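Dear colleague,

Please find below the structure I am handing over to you, together with its sequence. I would be grateful if you could read the notes beneath it with the coordinates open.

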Amino acid sequence: MEDHPGGDEVLLSATGKDATNDFEDVGHSDSARDMMEKYYIGEIDASTVPLKRTYIPPQQAQYNPDKTPEFVIKILQFLVPLLILGLAFVVRHYTKKE
């Protein structure tokens, strides 16, 4: 699959079905046709091919509650300097001589 000029996605999209039309539509070279003979497995029994392919969505990662401390840390990294700056202004205001 790594050597396929069209990439592995083209090959994977044709797995599990008759890819004859896909192969012919692209217009492969004579060398590709010779190479096909090397990898040819056999004919597909049409009775074993399902009439309709069912889509199975990929598994999504579950919500990880352990990431909430990262969110809190990011907020604190923003708020703590603001609080220090505010405190500095308050101290300066009340300790300022008139």
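The notes below go through the annotated spans and a few individual residues.

Please bear in mind that this is a predicted model.

Two spans carry annotations in UniProt, both from an unreviewed entry. The record lists residues 1-45 as "domain: Cytochrome b5 heme-binding". In the model, this span is 51% helix and 0% strand, and its end C-alpha atoms are separated by 24 Å. The annotation "transmembrane region" in UniProt covers residues 71-91. Here the chain is 100% helix and 0% strand, with 30 Å between the end C-alpha atoms.

At the surface, E2, D3, D8 and E9 form a negative patch. Of these residues, E9 is located in helix 1, which comprises residues 8-13. Its relative accessibility is 64%, so E9 counts as exposed, the cut-off for that class being over 50%.

A further residue to inspect is H93, which belongs to helix 4 (residues 68-95). H93 has a relative accessible area of 56% and is therefore exposed. How far apart are H93 and G42 in sequence and in space? The separation is 51 residues along the sequence and 87 Å from C-alpha to C-alpha.

In the viewer, you may wish to begin with the patch formed by E2, D3, D8 and E9, and then turn to helix 4, where H93 is found.

With kind regards

How values were computed: Residues are numbered from 1 along each chain as its sequence is written. This is a predicted model: local features need pLDDT of at least 70, side-chain atom pairs count only at pLDDT 80 or more; totals for chains, interfaces and linings use all residues. Side-chain values use heavy atoms; hydrogens and water are left out. Patches are made of residues with over 30% relative accessible area and no salt bridge: like charges are joined within 9 Å, nonpolar side chains (Val, Leu, Ile, Met, Phe, Trp, Tyr) within 5 Å. Accessible areas come from the Shrake-Rupley method with a 1.4 Å probe; for residues, only the protein chains shown count as cover. A salt bridge is a side-chain nitrogen of Lys or Arg within 4 Å of a carboxyl oxygen of Asp or Glu. Lys and Arg count as positive and Asp and Glu as negative; His and the chain ends are not counted. The place of a charge is taken as NZ of Lys, CZ of Arg, CG of Asp or CD of Glu. Helices (H or I, at least four residues) and strands (E, at least two) are DSSP runs, numbered from the N terminus. Buried means under 20% relative accessible area, exposed over 50%, partly exposed in between (1.4 Å probe, protein chains only). UniProt positions are given in the numbering used here, feature names are shortened, and annotations may be inferred rather than shown by experiment.
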